[in-house]
Amino acid sequence: MLYYLVHWLLASLCILATARLVPGFVITNFGSAMVAAVVVGLLNITVWPVLAILTFPLTIVTFGLFLFVLNALVLKLGAGLVPGFTINGFTPALIGSFVLMILGWLVRYILLPTTTQI
């Protein structure tokens, strides 16, 4: 349980850092970042796989680069659902999805243990 709470906190911090790095990616406070982390996580679990299956031919044609577009769309959808989280345009969403992916990877690689959690 503690592992998931730490993961949630670190995901919220990654969203805050992305807001600092990407112009047009706006988070008003840490509470909004925490809610955004939950909402985007839930959207990644439910909506993203459906979109990935529906756009599979386009993903093949673009050699997987269309998945960044899907990530940006899910972030935009999450920004529409969470008060205090806005993304001003598609370009900040696309850049923000890439930055968020890199930050998340770095945090998991550096801070979280490599043991498998059940």
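Select Leu 58 first; Leu 58 is found in helix H3, where helices (H or I, at least four residues) and strands (E, at least two) are DSSP runs, numbered from the N terminus. At 39% relative accessibility, Leu 58 counts as partly exposed; the classes are buried for under 20% relative accessible area, exposed for over 50%, and partly exposed in between (1.4 Å probe, protein chains only). Now add Leu 111 to the selection: Leu 58 and Leu 111 are 53 residues apart in sequence, and their C-alpha atoms are 35 Å apart in space.

The model is predicted, so local features need pLDDT of at least 70 and side-chain atom pairs count only at pLDDT 80 or more, while totals for chains, interfaces and linings use all residues. Residues are numbered from 1 along each chain as its sequence is written, and side-chain values use heavy atoms, with hydrogens and water left out.

**Helix H3 and the loop after it**

Remain in helix H3 and select Thr 59, which also has its place there. Thr 59 counts as buried, at 9% relative accessibility. Contact means heavy atoms within 4.5 Å. When residues up to four places away in sequence are not counted, Thr 59 touches Gly 64, Phe 66 and Leu 67.

Proceed to Phe 63, in the loop between helix H3 (56-61) and H4. Most residues other than glycine have a negative phi. Phe 63, although not a glycine, has a positive phi of about 55°. With 78% relative accessibility, Phe 63 counts as exposed.

**Helices H4 and H5**

Next, display helix H4 (residues 66-81) together with helix H5 (residues 90-110). Two packed helices are described by the angle between their axes and the distance between the axes. The axes of H4 and H5 come within 8 Å and cross at roughly 105°. That crossing makes H4 roughly perpendicular to H5. Axes are lines fitted to C-alpha atoms, for helices over the stretch in contact, and angles run from 0 to 180 degrees between N-to-C directions. Angles under 35 degrees count as roughly parallel, over 145 as roughly antiparallel, 65 to 115 as roughly perpendicular and the rest as oblique.

To show the contact itself, select Phe 68, Val 69, Asn 71, Ala 72, Leu 73, Leu 75 and Lys 76 on H4. On H5, select Phe 90, Ala 93, Leu 94, Gly 96, Ser 97, Phe 98, Leu 100 and Met 101. The residues of this contact divide into 11 nonpolar, three polar and one charged. Here Ala, Val, Leu, Ile, Met, Phe, Trp, Tyr, Cys and Pro count as nonpolar, Asp, Glu, Lys and Arg as charged, and the others, Gly among them, as polar.

Within H5, centre the view on Ala 93. Ala 93 counts as buried, at 0% relative accessibility. Leaving aside neighbours within four places in sequence, Ala 93 is in contact with Ala 72, Leu 75, Lys 76 and Ile 87. For a distance across the model, pick Tyr 3: the C-alpha atoms of Ala 93 and Tyr 3 are separated by 28 Å, and the two residues are 90 residues apart along the chain.

**The loops at Gly 89 and Gly 24**

Step back to Gly 89, in the loop between strand E2 (85-87) and H5. Gly 89 counts as partly exposed, at 29% relative accessibility. The C-alpha atoms of Gly 89 and Lys 76 are separated by 8.5 Å, with their positions 13 residues apart along the chain.

Then select Gly 24, in the loop between H1 and strand E1 (25-27). Not counting residues up to four places away in sequence, Gly 24 touches Thr 86, Ile 87, Asn 88 and Pro 92. Ile 60 lies 30 Å from Gly 24, C-alpha to C-alpha, and the pair is 36 residues apart in sequence.

**Helix H1**

Move to Ser 12, in helix H1 (residues 2-21). Ser 12 is buried, with a relative accessible area of 0%. Apart from residues up to four places away in sequence, Ser 12 touches Phe 30, Ala 33, Met 34 and Ala 37.

**The whole chain**

Finally, display the entire protein chain, which has five helices and two strands. Read along the sequence, the pattern is α-β-α-α-α-β-α. The C-alpha atoms fill a box of roughly 40 × 35 × 20 Å, taken along the principal axes. Buried residues make up 33% of the 118 residues in the chain.
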